[in-house]
Amino acid sequence: MAVGDCTRLVEKVVVRIRSWGTRQLSYAGRLVLVRAVLSQLHCFWSRIFIIPVTVIDRIERICRNYLWEGLDQYHKAPPMAWDNVCKDKKHRGLGIINCRQWNVAMIGKYVWWLVSKADHLWIKWVNHIYIKGQDWLTYHPTISSSWTWRKICQVKDQPSAGFNNGVWQSDQGIYTVSIGYQWLLGVQHKVPWVPLIWNHYNVPKHSIIGWLAIHKRLMTKDRLLRFGVLSDAICDMCLDHQEDHQHLLYGCAFSAQCWLSLQEWLGIKLPQNGILERGLKWRCRSLMRKQLVLSAIVGLVYHVWYARNICRLEQRLPRPSVIVAIVKKDIQARCNSMQLGVK
Ligand SMILES: [Zn+2]
C-alpha cells in the first residue's frame, strides 16, 4: 500500500471530522470521538495494511488538530506533544493509541508467525516465494520483492528483538498485538495523580483541564508572553500579579477565595499546596467520600480556569460562592447520572 493509495483513508478521516463539525464540544467530548472513531478507523486499516509513515503523520496531525481545536486545521502550537498524549492514562497520557507503534505491533504478528513457524497458509506462501529456507531473523528482501513484503521486512527488526530462540519474552512466551504494543512503548512509569485526574466521579471535561493543569499546560498568560503573543502577563482577575499556573489556581485572591468556599461546602481543610497535594494528601476513611472530594477539587480547577476565561473575554468575574455552587451542581449531576445520591 503506497502513499497514494492511502488518500482514501486520510479523506475518510477528514470527512468524518468535518461531519462532526462542532467546536462547541469540550476537549473530553472530542477525546472520546478521536479515541473511538479515528483510532479504530486507523487500527482497522493497519490490521490489513502497512500504512506509510507520511500517512500516519497526516492522520495524527488531523487527530491532534481536532482534539485541541475542533477542526482538521490548526495553526497554534498544541499544548502537549502527541507522543505524550498517546501514552496510557496511568502513564501521563490521554490514552489515545500510538498509531505508529500499533502498526509495528501488528507487523510483529507476522514476525511471530514466521519465528514460531506457525502452520499458516500465508507462512507457507512467503517461505516458498521469498524466504526459501533462509534464516528469517537475518533475512533481507530482494529489490524485486513486493512493496508490502519489503515493508514487513523493513520493520521486522523492532519486534524481532523481543523474541528469544523463537519464544516471545513474556510469561507465556506467546506474542499478541497488545503485548507487543506495550513492549514497543518501553518502560513507562505510573504517575501518582491517576486517582485524582481519572477518578470515576470526575466530570470528564473537568478531568482534561485538570490533566492540562497538572502538566502546567493551560495557556496561561505567562506562557503566551513567552510565545510573544502578549506584551504583559498581568492576571485579569486581580490585576495585581503575573498569571502563571501557581498564581491562577492557588495564589490569586479570587482562586484562594474559591478554595475557601469549597472547603466550607465540604466541611474539610485541605493541604495548602498544588492540586496534587490538595487531592492526594487529604486523608479520609471512606473511599467514596474521598473520591467525591477529589472530583470537587478537579471541578474547582476547571471552573477557576473557566472563570478566568470569562474574565478575559467579558471583563466580568463570578463570585467564588457561585463557582462552588456550579461545582456542586456538576458533581450532583454526575452522581445522578451514575445513580448515586449526593447532597
Ligand atoms: Zn490574580
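**Exercise 1. Leu266 and its partners**

Leaving aside its neighbours within four places in sequence, with which residues is Leu266 in contact? State also whether Leu266 is buried, partly exposed or exposed.

*Solution.* Keep in mind throughout that this is a predicted model. Begin by placing the residue: Leu266 belongs to helix α14, which covers residues 253-266. Once the neighbours within four places in sequence are set aside, the contacts of Leu266 are with Val293 and Ala296. Take Ala296 next, which lies 30 residues from Leu266 in sequence, while the C-alpha atoms of the two are 8.8 Å apart in space. Finally, count the surroundings: Leu266 has 18 other C-beta atoms within 10 Å, and because a residue needs 20 or more to be buried and 12 or fewer to be exposed, Leu266 is classed as partly exposed.

**Exercise 2. The nonpolar core**

Determine which helix gives the most residues to the largest nonpolar core, and find the contacts of Ile297.

*Solution.* The largest nonpolar core holds 70 residues, and those with the most contacts inside it are Ala213, Ala296, Ile297, Leu300, Val301 and Val304. The greatest contribution to this core comes from helix α16 (residues 287-314), which supplies 12 residues. As a general background, nonpolar side chains in soluble globular proteins tend to be buried together. For Ile297, discount residues up to four places away in sequence; the residues it touches are then Ile275, Arg278 and Gly279.

**Exercise 3. Two helix pairs**

Classify the packing of α11 against α16 and of α3 against α5 from their angles, and describe the residues that meet in each pair.

*Solution.* Start with helix α11 (residues 204-214), which packs against α16 at an angle of about 80°, the axes being 8 Å apart. Because angles of 65 to 115 degrees count as roughly perpendicular, α11 is roughly perpendicular to α16. On the α11 side the contact involves Lys205, His206, Ser207, Ile209, Gly210 and Ala213, which meet Val298, Gly299, Val301, Tyr302 and Trp305 of α16. Sorted by type, the residues of this contact are 6 nonpolar, 4 polar and 1 charged.

Turn then to helix α3 (residues 53-69) and helix α5 (residues 99-115), whose axes come within 10 Å and cross at roughly 140°. That angle makes α3 oblique to α5. Here Ile56, Ile59 and Glu60 of α3 meet Cys99, Arg100 and Asn103 of α5, and the residues of the contact divide into 3 nonpolar, 1 polar and 2 charged.

**Exercise 4. Positive phi in loops**

Locate Arg92 and Gln315, give the phi of each, and decide how exposed each one is.

*Solution.* Arg92 sits in the loop between α4 (82-85) and α5, and although it is not a glycine, its phi is positive, at about 90°. With 19 other C-beta atoms within 10 Å, Arg92 is partly exposed. Gln315 lies in the loop between α16 and α17 (320-337), and its phi, near 50°, is likewise a positive value in a residue other than glycine. Gln315 has 8 other C-beta atoms within 10 Å and is therefore exposed.

**Exercise 5. The whole chain**

Summarise the secondary structure, extent and domain layout of the protein chain.

*Solution.* The chain contains 17 helices and 2 strands, and its C-alpha trace spans about 75 × 45 × 35 Å along the principal axes. Of its 343 residues, 31% are buried. The domain assignment gives domain 1 (4-97), domain 2 (102-185) and domain 3 (194-337), with 49 Å between the C-alpha centres of domain 2 and domain 3.

Methods:
Residues are numbered from 1 along each chain as its sequence is written. A nonpolar core is a set of buried Ala, Val, Leu, Ile, Met, Phe, Trp, Tyr and Cys residues joined through C-beta atoms within 7 Å. Helices (H or I, at least four residues) and strands (E, at least two) are DSSP runs, numbered from the N terminus. Two residues are in contact if their C-beta atoms, placed from the backbone, lie within 7 Å. Axes are lines fitted to C-alpha atoms, for helices over the stretch in contact, and angles run from 0 to 180 degrees between N-to-C directions. Angles under 35 degrees count as roughly parallel, over 145 as roughly antiparallel, 65 to 115 as roughly perpendicular and the rest as oblique. Ala, Val, Leu, Ile, Met, Phe, Trp, Tyr, Cys and Pro count as nonpolar, Asp, Glu, Lys and Arg as charged, and the others, Gly among them, as polar. Domain bounds come from an automatic or database domain assignment.
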